[in-house]
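Hi everyone, thanks for coming. I'd like to walk you through a structure that may be new to you, so please have a look at it with me.

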Amino acid sequence: MAKAKASELDWNKLGFGYRDLPYRWQDEYVDGHWLGGGLTADSNMVLNEAAQVLHYGQEVFEGLKAYRTKEGKVQLFRPSDNAKRLNNSADRLLMPHYPEEKFLEAVKAVVKANEEFVPPYGTGGTLYLRPFMVGTQPLVGVTPAENFVFRVYATPVGAYVKGLTPMPYVLSKYDRAAPAGTGQAKTSGNYAASLLPEMEAKKAGYADALYLDPKEHKYVDEFSGANFFGVTKDGQFVTPKSNSILPSITKRSLLQVAEDLGLNPVEKQLTLADLDNLAEAGAMGTAAVISPVGSLTDLDGKKHVFYSETEVGPVTTKLYNALMNVQLGDAEDTHGWVVPVD
Ligand SMILES: Cc1ncc(COP(=O)(O)O)c(C=O)c1O
């Protein structure tokens, strides 16, 4: 694959795809410790045919962005939270931790080395970062690897959905098969299980599928790649409390933003019947920040419209602006979420 050239990119039409940038970070875990890592130009990884990850899926990954401010500086949003979540996921899959300070060093080094690929302020574009770890040891039996590779690659991405456009969503008839706990959803195996429901939803004209809890099929869990939130008719911010969803950093941030805006936020189990009491609904995650849920179609084909199928609700707009402004450096970072890349 040819290396990307910054001068050839149209920052306003980036889409959400992979580009082969000049540098990435790689570290190796051998004999019980990380070697230290560093930048490399090679975007290919050579794996043995029996590498653990290829068969038994010992893999964890994260997703975060570097944002260009109006002044032309570059900043990260809560990267330590990604480091912590990666290590929580690693615990569940018997993988070593990547030390938080090394994670920050790696992420910053990759941003700096590819700085010309951080899209300009005002284009809606960002530099997406993908830290991940895989078990590389050749193994035939189902056992955990002893050797691992940690890598961080970067790719410039456009606004996931331009502006705040309400989208139709559909209830999934499948379980995503995520094991209960924290962060485990971010493993390759679990994401492969969501490919079919997501593809079927998209083919039928929906933006994504919404999963119910895998145990009782009674409570709202989350979307394939984002958490769910609603705003009740009394103006309260609500989001599902569940141990089978990914603990979203955007959700954690919006819970705080909602508190700051006086929306009395609460995390609680939400049944499908509870959705009738919502005036607005949205999907939240790093990729889209917020994607307003215009409607949700249930398994009987019945469509429930939230605020509007074409317009964004006022509370959703307020939440989106408040968070985006901090991420882009347009509002004061009162909670210490922003980390400059100098
Ligand atoms: C399944 C799932 N839920 C939620 C999220 C949102 O998490 P975050 O806000 O940390 O990006 C993601 C993000 O990739 C995800 O894959």
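Let me start with a question: how many bridges join strand S4 to S7, and do the two strands run parallel or antiparallel? There are 3 bridges between S4, residues 59–61, and S7, and the two strands run antiparallel. Before we go further, please keep in mind that this is a predicted model.

Let's stay with S7 for a while. One pair you can look up in the S4 pairing is Glu59, whose bridge partner in S7 is Val134. Strand S5, residues 64–68, is also joined to S7 by 3 bridges, again in the antiparallel sense. If you find Lys65, you will see Tyr128 of S7 standing opposite. Then there is strand S8, residues 148–157, which pairs with S7 over 10 bridges, antiparallel. In that pairing, Gly135 has Phe148 of S8 as its bridge partner.

Now, how many residues of S7 are buried? The count is 10 of the 10, so S7 is largely enclosed by the rest of the structure. Look at which way the residues point: Thr126, Tyr128, Arg130, Phe132 and Val134 go one way, while Leu127, Leu129, Pro131, Met133 and Gly135 go the other way. Both sets are buried.

Step back along the chain from S7 and you come to Thr123, in the loop between helix H3, residues 100–113, and S7, residues 126–135. Is Thr123 buried or exposed? Thr123 is buried, with a relative accessible area of 12%. The Thr123 side chain has a polar atom 2.8 Å from the backbone oxygen of Pro120. A polar atom of that side chain also lies 3.1 Å from the backbone nitrogen of Gly125.

A short stop at another strand. Gln75 sits in strand S6, residues 74–77. With a relative accessibility of 10%, Gln75 counts as buried, since the cut-off is under 20%. Compare the position of Gln75 with that of Asn12: they are 63 residues apart in sequence, and their C-alpha atoms are 20 Å apart in space.

Next, please move on to S12 and S13. Strand S12, residues 227–232, is joined to S13 by 2 bridges, and these strands run antiparallel. Gly230 stands opposite Val238 in S13. The two strands form a hairpin with 4 residues between them, and Gly235 in the turn has a positive phi of about 85°. S13 itself covers residues 237–240: Phe237 and Thr239 point one way, Val238 and Pro240 the other, and all are buried.

On to the next partner of S13. Strand S14, residues 266–268, is joined to S13 by 3 bridges, and here the strands run parallel. Pro240 has Lys268 in S14 as its bridge partner. What do S13, helix H5 and S14 make together? They make a right-handed β-α-β unit, with H5 covering residues 249–260.

Let's look at H5 itself. The helix has 12 residues and reaches 17 Å from its first C-alpha to its last, close to the 16 Å expected at 1.5 Å a residue. At the N-terminal end, Ser248 acts as a cap, with a side-chain oxygen 3.2 Å from the backbone nitrogen of Thr250. Among the buried residues of H5 are Ile249, Thr250 and Lys251. Just after the helix, Gly262 takes a positive phi of about 75°.

Some of these names come back when we turn to the ligand. Which residues are closest to the ligand? They are Tyr191, Glu222, Ser248, Thr250 and Thr286, out of 16 residues that surround the ligand. Glu222 has a polar side-chain atom 2.6 Å from a nitrogen atom of the ligand. Ile249 places a backbone N or O atom 2.9 Å from a ligand oxygen atom. The side chain of Arg85 has an N or O atom 2.8 Å from an oxygen atom of the ligand.

Last stop, helix H6, residues 314–327. At 1.5 Å a residue, its 14 residues should span 20 Å, and the end C-alpha atoms are 20 Å apart, which agrees. The buried residues in H6 are Val315, Thr316, Leu319, Tyr320, Leu323, Met324, Val326 and Gln327. Why are these on the same side of H6? Because they cover an arc of only 160° around the axis. Just after H6, Gly329 takes a positive phi of about 80°.

Thanks for listening!

Note on methods. Residues are numbered from 1 along each chain as its sequence is written. This is a predicted model: local features need pLDDT of at least 70, side-chain atom pairs count only at pLDDT 80 or more; totals for chains, interfaces and linings use all residues. Side-chain values use heavy atoms; hydrogens and water are left out. Buried means under 20% relative accessible area, exposed over 50%, partly exposed in between (1.4 Å probe, protein chains only). Two strands pair if DSSP finds at least two bridges between them. A crossover is right-handed if, with the strands pointing away from the viewer, the path from the first strand over the helix to the second runs clockwise. The expected span of a helix is 1.5 Å times one less than its number of residues. The arc is that of the directions from the helix axis to the C-beta atoms. A polar contact is a pair of N or O atoms within 3.5 Å; within protein, one must be able to donate a hydrogen and the other to accept it, and residues adjacent in sequence count only if both atoms are side-chain atoms. A residue is near a molecule or strand if one of its heavy atoms lies within 4 Å of it.
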